[in-house]
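This report considers strand pairing, aromatic contacts and model confidence in the protein shown below.

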Amino acid sequence: MVDAARKDGIYPVVREGYRTYEEQQKILDDKIKAYINEGYSQSRAERTAKGWVALPGTSEHQLGIAVDINADKSKNSNDEVYTWLAVNAHNYGFILRYPQGKQEITGTSYEPWHYRYVGVDAARENYERGICLEEYFEQ
């Protein structure tokens, strides 16, 4: 997939792969702290952060089944990479794990960088039907 993107002048990089429990906890703690610094109460900061960051022990990164893909910023913007991935990733067996408009179903806010390999057939079906992984498993 990366080779195909580069042929199209798009330069993605895998920014995040596997994370330990401790790394996931630090990401969550940092997000909570950032919201508190913006003036949120402790409870609101925790609720808001949990909409963006998986709880330690539940992250797909901890399971090793997801990657965060961003841009080589010397060549592209993140938006250029996200746009290419949104149109092409399914051809290589990857799905956008947390699509826009599916937060009520996935429990996670839109993350245009978070991809999971599910195989070409499942990825194409998700893409063609405009569904998320939870909806795919419900069928």
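A66 has R116 as its bridge partner in strand 4. The model is a predicted one, and in it strand 2 (residues 66-71) pairs with strand 4 in the antiparallel sense, over 3 bridges. Strand 4 also pairs with strand 3, again in the antiparallel sense, over 4 bridges. Within strand 4, E111 stands opposite Y98. Of the 7 residues of strand 4, 5 are buried, so the strand is largely enclosed by the rest of the structure. In general, side chains in a regular strand alternate between the two faces of the sheet.

**Aromatic pairs**

A search of the whole structure yields 5 aromatic pairs. One of them joins W84 and Y92: the ring centres lie 6.5 Å apart and the planes meet at 25 degrees, so the pair is stacked. The angle falls under the 30 degrees that set the limit for stacking. W84 counts as buried because its relative accessibility is 9%, whereas Y92, at 33% relative accessibility, counts as partly exposed.

F94 and Y117 form an aromatic pair of the edge-to-face kind, with 5.2 Å from centre to centre and 75 degrees between the planes. Because F94 belongs to strand 3 (residues 94-98) and Y117 to strand 4 (residues 111-117), this contact ties together parts that are 23 residues apart in sequence. F94 has a relative accessibility of 21% and therefore counts as partly exposed. Y117 is likewise partly exposed, with a relative accessible area of 49%. Both assignments follow because partly exposed covers the range between the 20% limit for buried and the 50% limit for exposed.

**Charges over rings**

Two contacts between a basic side chain and a tyrosine ring are listed here.

| Charged residue | Ring | Distance from ring centre |
|---|---|---|
| R44 | Y40 | 3.9 Å |
| K75 | Y11 | 4.6 Å |

R44 lies over the face of Y40. For K75, the charged end sits over the ring of Y11.

**Confidence of the model**

How does the predictor's confidence vary, and where is confidence lowest and highest? The mean pLDDT of the protein is 95, and 100% of the residues score at least 70. Confidence is lowest in helix 4 (residues 60-63), where the mean is 88. It is highest in helix 5 (residues 78-88), at 98.

Terms used. Residues are numbered from 1 along each chain as its sequence is written. This is a predicted model: local features need pLDDT of at least 70, side-chain atom pairs count only at pLDDT 80 or more; totals for chains, interfaces and linings use all residues. Side-chain values use heavy atoms; hydrogens and water are left out. Rings of Phe, Tyr and Trp (its six-membered ring) pair if their centres lie within 6.5 Å; planes under 30 degrees apart count as stacked, over 60 as edge-to-face and the rest as tilted. Buried means under 20% relative accessible area, exposed over 50%, partly exposed in between (1.4 Å probe, protein chains only). Helices (H or I, at least four residues) and strands (E, at least two) are DSSP runs, numbered from the N terminus. A charge sits over a ring if NZ of Lys or CZ of Arg is within 6 Å of the ring centre and within 35 degrees of the ring normal. pLDDT is the predictor's confidence in each residue, from 0 to 100. Two strands pair if DSSP finds at least two bridges between them.
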